[in-house]
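Grab your viewer and a pencil: here are a few exercises to work through by hand. Try each task before you read its solution.

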Amino acid sequence: MKKLLLAALLSFVPLLAWAGEAKDLAEDPAVEKRMVALASNLRCLVCQNESLASSHAELAEDLRREVREQIRAGKSDKEITDYLVARYGDFVLYEPPMKSYTLVLWFGPFLFLFVGAGGLFYLMRKRRQSVTEPELTAEAQQRAAALLKDEEKQ
Amino acid sequence: MIPELGHFSLIVALMLALVQGVLPIWGAARGNAVLMGVARPVAVGQFVFVALAFGCLAYAFLDNDFSVQYVAQNSNSHLPAQYRFAALWGGHEGSLLLWTFLLTVWTVAVAQFSKHLPQEMVARVIGVMGLVSVGFLLFMLFLSNPFLRLLPAAADGRDLNPLLQDPGMVIHPPMLYMGYVGFSVAFAFALSALIGGQLDATWARWSRPWTTVAWVFLTLGIALGSGWAYYELGWGGWWFWDPVENASFMPWLVGTGLVHSLAVTEKRGAFKSWTVLLAIGAFSLSLLGTFLVRSGVLTSVHAFTTDPQRGFFILALLFVVIGSSLLLYAWRAPKIGLGGKFELVSRETFLLLNNVLLSVAAATVFLGTLYPLFVEALSSGQRKLSVGPPYFEAVFLPVMVPMVLLMALGPIARWKQANLSDIWRRVRWVAAGSLVLAIALPFALGKWTPLIALGLLLAFWVMGTVLADLRRRMVRDGGLKTQSPSYFGMQLAHLGIAVFIIGVTLVKGYETERDVRMAPGDTVVAGGYTFRFDGVQETAGPNYQAMQGRVIVSKGDKTVAQLYPEKRNYMTSGMPMTEAAIDIGLFRDLYVSLGEPIPDSNGAWAVRVYHKPFVDWIWGGCILMALGGILALSDRRYRIHARKKQATESSSTGAAREKGASVVANRSKTA
Amino acid sequence: MTRYVIIVLFLVLSVFLYIGLSHDNTVPSPLIGKPAPAFVLQQLHEPAKQFSPDSMKGKVWLFNLWASWCVSCREEHPVLMALSQHNIPPIKGLDDNQKTIVARINSSQLIVPIIGLDYKDKTPDAEAWLAKGGNPYLLNATDPEGRIGIDYGITGVPETFVIDKHGVIRYKEVGVVTLENLQRTILPLVAKLEQEP
């Protein structure tokens, strides 16, 4: 009888197991955070435009592992991205590097702004010289005013 | 039988489209009323046959006709009915049919609501739209026929990608396409005005409502796509600057410029050249987007197909449509004329600046999206480049900041001639207030970065100026009741942008993510909320099996939400999929998604939880923008009453208004 | 004036889009012209022994990355076998130089050693695979975790490198080695590199 009671009591032990604060999935959250930050700006090379951080592809997992190991080995962000670029080219970077062939890319938008604003002021000045105000007779003015007032009522 | 009927209908539609594209325009050139009169009935005819084809394809899907190759590739007998229907546009051929179908819908709408327009204009507009139809119908019939048979028929279909088996799939593409295709109306109006040599304020008045409707659809379509990605992909991301996303954003930017430019041309007769170019540009970018998704030129998750042969055809179509419209513009540009005069500081200038900035923004996105293509072509394939979010975020911001700052000032400046110190007097308190709040608030919220402060500054600046102007009109200009719906629409849309900016700023600045392993009973804290994992149980859907987790979220000792994230396995394709569970809130979303079960752990799973403050303000802002557009549309100026005056006096009225508007004392208040 | 600028820009764009249509998805390798990354790995058939690319200095060789689980590798295997057994069927349309080279291979005048890298594979599976399909390799190195593959910029299997007498990578074939690319590109390059000191 006692044995039965003991067995019954013991069977409740699993329920009493302490449910606690969930542990981070990553072994080292600091390393993981840095890895994700780096990998978010890197391209998954076997995907159709996904970041290395979010891809489920096997190569992506291998490369993430590689990045983690390098972080643990104390490499800097630049060293890690250089490592990947040496093997995969600039294609792996989502942020295009500043090189001779990306100058137009990086400065283009500012050039557009400059040309746009500049062109605007040039055109404005030219316009002020060329647009002539038509002279309306008093009668035409009245008619125009009436039409406009009519518009606003509606 | 039915697929063949559909195929045949497309052929008939092509014939009708050819008639629609050629006769009315020729008739307009000759002043031949009979030929011009052909436009409306033929447009309706084309609509009927394309609708018939659409119906036949829909029937094939709903009836599980796997002897049709396209149905077999995109559907499955276990697929719920609404997704079987939506699968119609899940692939390349069907989405083209949707495009063409919506084009005929827009054409019929134009045919219907244009009774007050001069016949030549209607003939030309419908004619141009007919020509575009011809291009798409030819493409479908020769290179992308959705009715091709698969013999012997498949026993069952390959199924729709599980990521697409979602309400988002039912509504996002049609909305988006309504926007894309809708810009063809503004395009057609612009071309017909160029052909007819009649580009004036009245043309702008007619174009404006059509453009606004298309813009509303596009806004909603893009917002839906973003929201769908957010809850579907499991990463809480909502914009990736993917080439296809950019392909929808560029027409939106140009379309926004167009809507504003039309306003100026309508009111002041100014900016005509620019407005025409923007109208051509918006639709051209829509077509370019269609090309990018189907040609394999750029790598994207959204790509429908990567068939170079199809790519060549669309490129040719693109070339013909855009090339001929630009040539037409170049030829007729000298005749366009300049319109009303305005000073360096005036509402016109602000709007012109706005146009420049929006165009620069579109050009920037264009540059970034296509740059890899340029580099690859110039290096004979030796050099491959990626241009991703870090680039776009870096260059887009400097363009958007001035635009948002100026956006607040436009409505305050007077037409024709405004006064800078006047404007400053009206906004200086808002400026000071937003600056102070923007700098102070992040400290209160727990983290201060320059970007957060900047975002808040822009948002408060816009909100403040909108509210200040509303208050001013309430007090001074005869109360809010006398303001037009157009005015309210504008303020609402601008407010929407502010709301959007708040959403983006706060979610990016303050979101929290925890990636944890959870055994049943474990808890994790994120953003002040406690998430408790209660294990998983098996469940099933119409065409999938799933492991469904239960997560209880509480704040303090109050239960806030019960979430049921799932890990699904779709039976036909065997594809696994994560279905996140989200508790949507006005001020935050709580987002949970299941990862993988952890082996040998007694029921523990990898779980990802997010606290995303104000994320729904992103799409809320977009909805406000769309509502603003709809409100502006309801303005009585656009209502089609049987105004007998309009039909006959339209051209003379237009010219008189132009002269009158530039000379009569300016009316600055009404929007 | 602006209108003509716009038209010109549009024409330029069209040209680029046209060129872009022949875009493919392979990632060009930055390793070409650089020394083959060094490594020391266990051999597949003789685990006690090791292999390092250094040991191939003075020879022109092919470095082929493959795996027993790789479906496309099955496609290229017969071609590699033909090469190793001096038994290449010449394809149509070869020029004289290319024809000569194929003839030299088939008469054993020109020998191209193939070293394999068994990528992320299990040794028993690899051995079984080679036993069944034949072994074209001089020897195989094993890369069970895929680290050396990453050093070589791998994006999938199969991939094949042409490495010269000084250990410098001169060419990378991404994807399957076919009779086509073997006879048109790879072998002529190997023959040329053989002439180099």
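**Exercise 1: a helix pair in chain B**

Are H3(B) and H7(B) roughly parallel or roughly antiparallel to each other?

Before solving that, some housekeeping. This is a predicted model, where local features need pLDDT of at least 70 and side-chain atom pairs count only at pLDDT 80 or more, while totals for chains, interfaces and linings use all residues. Residues are numbered from 1 along each chain as its sequence is written, and chains are lettered from A and ligands numbered from 1 in the order in which they are written.

Step 1. Pick the quantities. Two packed helices are described by the angle between their axes and the distance between the axes.

Step 2. Find the elements. Helices (H or I, at least four residues) and strands (E, at least two) are DSSP runs, numbered from the N terminus. Here you want H3 (residues 39–62) and H7 (residues 119–143) of chain B.

Step 3. Get the geometry. The axes of H3(B) and H7(B) sit 10 Å apart, and the packing angle is about 30 degrees. (Axes are lines fitted to C-alpha atoms, for helices over the stretch in contact, and angles run from 0 to 180 degrees between N-to-C directions.)

Step 4. Classify. Angles under 35 degrees count as roughly parallel, over 145 as roughly antiparallel, 65 to 115 as roughly perpendicular and the rest as oblique. H3(B) and H7(B) are therefore roughly parallel.

Step 5. Add the hand. H3(B) and H7(B) cross in a left-handed way, meaning the near helix is turned anticlockwise from the far one by less than a right angle (clockwise would be right-handed).

Step 6. List who touches. H3(B) brings Ala39(B), Arg40(B), Ala43(B) and Gln46(B) to the contact, and H7(B) brings Val122(B), Ala123(B), Ile126(B), Gly127(B) and Ser133(B). (Contact: C-beta atoms, placed from the backbone, within 7 Å.)

**Exercise 2: trace the strands around S4(B)**

Work out which strands S4(B) pairs with, and in what sense.

Step 1. Fix the rule: two strands pair if DSSP finds at least two bridges between them.

Step 2. Start with S3 (residues 529–541) of chain B, which is antiparallel to S4 (residues 544–555) of chain B over 10 bridges. For a register check, Glu538(B) faces Met547(B). The hairpin from S3(B) to S4(B) uses two residues.

Step 3. Move to S5 (residues 558–563) of chain B, antiparallel to S4(B) with five bridges. Val551(B) is matched with Leu563(B). Two residues separate the strands of this hairpin too, and Gly556(B) has a positive phi near 65 degrees.

Step 4. Finish with S6 (residues 566–570) of chain B, joined antiparallel to S4(B) by five bridges. Ala546(B) is opposite Arg568(B).

**Exercise 3: a sheet shared by two chains**

Find the order of the five-strand antiparallel sheet that includes S1(A), and name its edges.

Step 1. Read across the open sheet: S1(A)-S1(B)-S10(B)-S9(B)-S8(B).

Step 2. Mark the edges: S1 (23–24) of chain A and S8 (581–584) of chain B each pair on one side only.

Step 3. Check one edge. S8(B) and S9 (residues 588–597) of chain B run antiparallel with four bridges, and Ala581(B) partners Val592(B).

**Exercise 4: the sheet of chain C**

Describe the open five-strand sheet of chain C and place S5(C) in it.

Step 1. The order is S5-S4-S3-S6-S7, with mixed pairing. S5 and S7 (169–174) of chain C are the edges with a single partner strand each, so one side of each has no neighbour in the sheet. On average, neighbouring strands turn by 20 degrees against each other, direction ignored.

Step 2. S4 (residues 114–119) of chain C runs parallel to S5(C) over five bridges. Gly116(C) partners Asn140(C), and Asp118(C) faces Thr142(C).

Step 3. Look at the connection: S4(C), H4 (residues 123–133) of chain C and S5(C) form a right-handed β-α-β unit. (Right-handed: with the strands pointing away from the viewer, the path from the first strand over the helix to the second runs clockwise.)

Step 4. Ask about burial. Four of the five residues of S5 (residues 139–143) of chain C are buried, so the strand is largely enclosed by the rest of the structure. (Buried: 20 or more other C-beta atoms within 10 Å of its own; exposed: 12 or fewer; partly exposed in between; C-beta atoms are placed from the backbone.)

Terms used. Contact = placed C-beta atoms within 7 Å.
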